[in-house]
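Here is a short report for a reader meeting this structure for the opening time. Look at the strands, then at the charged side chains.

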Amino acid sequence: FILKLTNDETITRKADVPSVEKKVQEDDKDITYGEEDDNYGEGYNDVADWNIGDPVPFKLIGTLPTNFADYDTYQYIFHDTLSTGLSLNQDTIHVYMASDKAGTKDKKELHGYTVNVPGTEEENQCSFEVAFADLTNSETVGEEVTANKYIIVEYTATLNKDAEIGLPGNPNKVYLEFSNNPNSGGEGDTGKTPEDKVIVFTYELDATKVDGEHTDTKLKDAEFKLYDENGKYVIVDADGKVTGWADNEAGGSTLKSDENGLFKVIGLDDGTYWLKETKAPDGYNLITNPIKIEIKATTVNDQDWTAMEGPADALKVLEIKVTVGSTTTSGNGDTESGIVETDIKNNKGAELPETGGMGTTIFYVLGAILVLGAGGLLIVRRRTDSEK
């Protein structure tokens, strides 16, 4: 039938559709939240950076329609797609229901779902699915699900050797498939939400060994160990890609400068590291104190991934700060390649001991002895002259 509106009217939608959000956890940056409802849990948002080899935590947060109670059965399927730089850890998949996005209020474990790896979708096959055949069946699901709850999936995926360094990063996306026709009991007819995406970044350190006076001269066969703030020593493969971290120096990889003085560590999180020189090039002095390397990546969260946004909006600035003794130098890295670079200088010949070290104390003592000796000799000469 046709209605003629003679006055302004407010129309209230009878039913809505589910939505889905995807979040990734950042391990060492402070994440700022908005309202309480936008708190996804500690460190969770849209962008993170990690080491290759790290298990990266992800969270999928699905909502339900307001007319969920009208359905006799309700299909509910998360379709998740990982980039080639991320490997699913299937045994970490955890599904539950909560009253908040952080997953802390009224938390209840859910059952009655299947995990399909890879997903069964015919077109644009996803990496895996978490599928509920009937979310209304409390006997199989284990809890009574209501429209005001969030359905949450947590899991980890390891950043692997195929990870993209710098831009465009390593994206991970999800969409939700759901029943959309209560008149048919919820069977057969399904709809899809728009995709939501997060990005994981990782970076590369390029260090070049050079002569301290003639920096154009590159030095080969210098050897280093690199360790992080937790005292873990990096392990790399033949290409310099991070494969893990050892508990002690002996277990860490030896980083050796090549014919061009270069050695690389590929797949580093932003953070603070130390380079310890264990062998200097022939004819050069060993650097006795570890060199402090700080990699800082400025990333931007709260992305809604519209057509005007992309990875370049998520990774804005890449910087490096290098401290050798009391001298600190800074520079910018390249966000496109994800590379930060530094020269490490070695010197030849005798070096003065460091200020405040035992070496200077010895000089002071020797100097005092010489002064006293000279003074004593002067007194003896005067007495001798007076006797004459």
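In β11, T81 has K173 as its bridge partner. The model shown here is predicted. That pair belongs to a longer contact: strand β5 (residues 76-82) and β11 run antiparallel and are joined by seven bridges.

**Strand β11 and its partners**

Strand β11 spans residues 170-179. Eight of its 10 residues are buried, so the strand is largely enclosed by the rest of the structure. Besides β5, strand β11 pairs with strand β13 (residues 196-201). This pairing is antiparallel and runs over five bridges. Here V174 has D196 in β13 as its bridge partner. Strand β12 (residues 190-192) also pairs with β11 in the antiparallel sense, over three bridges. F178 is matched with G191 in β12.

**An open sheet**

Another set of strands forms an open sheet. Six strands take part, in the order β2-β1-β4-β10-β6-β7, and the pairing is antiparallel. Which strands stand at the edges? They are β2 (44-45) and β7 (108-109). Each has a single partner strand, so one side of each is left without a neighbour in the sheet.

At the β2 end, strand β1 (residues 20-25) is joined to β2 by two bridges, and the two run antiparallel. V24 stands opposite N45 in β2. The loop between β1 and β2 holds G43. Is G43 buried or exposed? Its relative accessible area is 10%, so G43 is buried. G43 and K29 are 14 residues apart along the chain, and their C-alpha atoms are separated by 7.4 Å. K29 also belongs to a network of salt bridges, together with D49 and D270.

**Salt bridges**

Side chains of opposite charge can pair when their charged atoms come close. In this model the count comes to 15 salt bridges. Three of the pairs are set out below.

| Pair | N to O distance | Relative accessible area |
|---|---|---|
| D80 and K22 | 2.5 Å | D80 0%; K22 0% |
| E195 and K173 | 3.9 Å | E195 48%; K173 31% |
| K232 and D247 | 2.3 Å | K232 31%; D247 60% |

Take the salt bridge between D80 and K22, with its closest N and O atoms 2.5 Å apart. This pair links distant parts of the chain: D80 is in strand β5 and K22 in strand β1, 58 residues apart. D80 is buried, with a relative accessible area of 0%. K22 is buried too, at 0%.

E195 and K173 form a salt bridge at 3.9 Å, N to O. This pair also links distant parts of the chain, with E195 in the loop between β12 and β13, K173 in strand β11, and their positions 22 residues apart. E195 counts as partly exposed. K173 counts as partly exposed as well.

K232 and D247 form a salt bridge with closest N and O atoms 2.3 Å apart. K232 lies in the loop between β15 (223-228) and β16 (233-236), and D247 in the loop between β17 (242-246) and β18 (255-256), so the pair ties together parts that are 15 residues apart in sequence. K232 is partly exposed, whereas D247 is exposed.

**A charged patch**

Which residues form the negative surface patch? They are D334, E336, E341 and D343. D343 lies in strand β24 (residues 339-346). Its relative accessible area is 43%, so D343 is partly exposed.

Definitions and conventions
Residues are numbered from 1 along each chain as its sequence is written. This is a predicted model: local features need pLDDT of at least 70, side-chain atom pairs count only at pLDDT 80 or more; totals for chains, interfaces and linings use all residues. Side-chain values use heavy atoms; hydrogens and water are left out. Patches are made of residues with over 30% relative accessible area and no salt bridge: like charges are joined within 9 Å, nonpolar side chains (Val, Leu, Ile, Met, Phe, Trp, Tyr) within 5 Å. Accessible areas come from the Shrake-Rupley method with a 1.4 Å probe; for residues, only the protein chains shown count as cover. A salt bridge is a side-chain nitrogen of Lys or Arg within 4 Å of a carboxyl oxygen of Asp or Glu. Lys and Arg count as positive and Asp and Glu as negative; His and the chain ends are not counted. The place of a charge is taken as NZ of Lys, CZ of Arg, CG of Asp or CD of Glu. Helices (H or I, at least four residues) and strands (E, at least two) are DSSP runs, numbered from the N terminus. Buried means under 20% relative accessible area, exposed over 50%, partly exposed in between (1.4 Å probe, protein chains only). Two strands pair if DSSP finds at least two bridges between them.
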